[in-house]
Amino acid sequence: MLTGHSATGGTPSRRRALRLAGNGFALAALGAGAAGCREDVTGGGGSADSAGPRREGTGSAGASPKDGQAPKALWTTSTSAQTYGDRDELVAVDGVVIATGDPLAALDAATGKERWSLPGGAVPGAPLLVSDGTLYLASGAYDGTVGGYDPASGKETWRGHLGKEYRQPRPIAVDDGQVYVVAEILEDDGSSRTNVIAALNGSTGKMVWREMRDLGTQQNGVHAAVQGRHLVYTDFKQNLTVRDTATGRQIWTHKTTKTNYGTFAVHRDLVIVPQGRRLQAFNLADGAEKWSVQTGDFNTFKEPAVLEDELFIADSSKTLRSIEPQTGKESWRSKDLADAKAQTPGQFVRVGGTLYGATDLDKRGGIHAFDTKTGALRWTFNDNSGDYHAWLVATDGTHVFALHGKKLHALPG
């Protein structure tokens, strides 16, 4: 599966190598002093220019805290982040961590120091998509283009364009061969009442196909993922739609009762969607229901995540479940969040035997760490800032990065 927050590492592919070799376009890679929003805090109140990111040692990078005690941050720094709580506004890949903001800045994963920055590089609310070592962005210049960049260096390696008759194309998903975008169709008077979903070739940037979406659909609020030949997406109109990635043909669509702002998970041949009290799995091929699970009366499911063939999901009663994604069979259920009167997480990442969950609200929330075998709550990290922004979490497989407002923390994995 490839989604907004997926990242692949290892040896660069041939497609990526050709891009890097054939495209010399460079970003305006500014130095650390150009990021005027940096206000890195030190114990003595030092500035970013004099002190750099604040480092809080843990003895060693992989040191585990005592039971119930949250680890100290390896480093903490202020960022240019402009997030809206979407789960694809923070990514970690190729040795850097990047949060949506202006300027768009890539920070070194090990030190928190700035590697590169791009003024106007990201459209607020648009996802950061990473696949095959490329970061895909809607153009902050609003010029109808979508750009691809090398996350490690900030160099532009790819660019796609739908055409002058379309406005504000936003990438929603990416796979090995194509970038999928939603864009407004311009009318003669400069307004827009309809939009399209389209595929751009991942090597040339040229349009492969485009399909008109139904009248009344919007380009915002779209969540998408690619699984094999299936492009799956939801929107604010409570539609769950599956298209063929080769042709754009709509295979099926369902009206959903409630989709928790459109979030879902995919696993093999299934799409798994929370709908209030019910968690439903549908076959990608035909939309038939495969299984469903219900939570208690007056409770609702939060966002699901499939990590290493396990489905993790919490509900509003502060119950965390591990579910076998192909059958809907429950592996374990944990009430530790309720016992601790802690906030319920809605975004998850996994490193080894630890599941990390990010919560929406600050008080009694933050980043929770759970045992993946039992769901036991190990600890909760909170910066006690009182910031009203939702927490976001990402991982590079070694460290865990927690963003809260404009503060970015690196935690040992």
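**Chat about strand S17 and a few loops**

Modeller: Let me start with a turn in this predicted model: Gly248 has a positive phi near 85° in the hairpin of S17 and S18, with five residues between the two strands.

Colleague: OK, and how do S17 and S18 run, and how many bridges join them?

Modeller: They run antiparallel, joined by five bridges, and S18 covers residues 250-255. To pick out one pair, Asn239 has Lys255 as its bridge partner in S18.

Colleague: What about S16, how does that run with S17?

Modeller: Antiparallel again, with five bridges joining S16, residues 230-234, to S17. Here His230 is bridged to Asp244 in S17.

Colleague: Which residue has a positive phi in the hairpin of S16 and S17?

Modeller: That's Gln238, with phi near 60°, and there are four residues between the strands in that hairpin.

Colleague: So is S17 largely enclosed or open? And why?

Modeller: Largely enclosed by the rest of the structure, because six of its six residues, 239-244, are buried.

Colleague: Which of the residues point which way from S17?

Modeller: Asn239, Thr241 and Arg243 go one way, while Leu240, Val242 and Asp244 go the other, and all of them are buried. That fits the usual pattern, since side chains in a regular strand alternate between the two faces of the sheet.

Colleague: Switching topic. Where is Ser78, and is it buried or exposed?

Modeller: Ser78 is in strand S2, residues 75-78. Its relative accessibility is 6%, so Ser78 counts as buried, the cut-off being under 20%.

Colleague: What does the Ser78 side chain have a polar contact with?

Modeller: With the side chain of Lys407, at 2.8 Å.

Colleague: Now backbone oddities. Where's the cis peptide bond?

Modeller: Between Asp102 and Pro103, with omega about 0°. Pro103 belongs to the loop that links strand S4 (96-99) with strand S5 (104-108).

Colleague: And what's the phi of Arg268?

Modeller: About 50°, so to speak a positive phi in a residue that is not a glycine. You'll find Arg268 in the loop between strand S19 (265-267) and strand S20 (270-275).

Colleague: Is Arg268 buried or exposed?

Modeller: Arg268 counts as exposed because its relative accessibility is 52%, and the cut-off for exposed is over 50%.

Colleague: Last one: what about the phi of Lys318?

Modeller: Positive too, near 65°, and Lys318 is not a glycine either. Lys318 sits in the loop between strand S24 (310-314) and strand S25 (320-323). With a relative accessible area of 25%, Lys318 is partly exposed.

Terms used
Residues are numbered from 1 along each chain as its sequence is written. This is a predicted model: local features need pLDDT of at least 70, side-chain atom pairs count only at pLDDT 80 or more; totals for chains, interfaces and linings use all residues. Side-chain values use heavy atoms; hydrogens and water are left out. Buried means under 20% relative accessible area, exposed over 50%, partly exposed in between (1.4 Å probe, protein chains only). Two strands pair if DSSP finds at least two bridges between them. A polar contact is a pair of N or O atoms within 3.5 Å; within protein, one must be able to donate a hydrogen and the other to accept it, and residues adjacent in sequence count only if both atoms are side-chain atoms.
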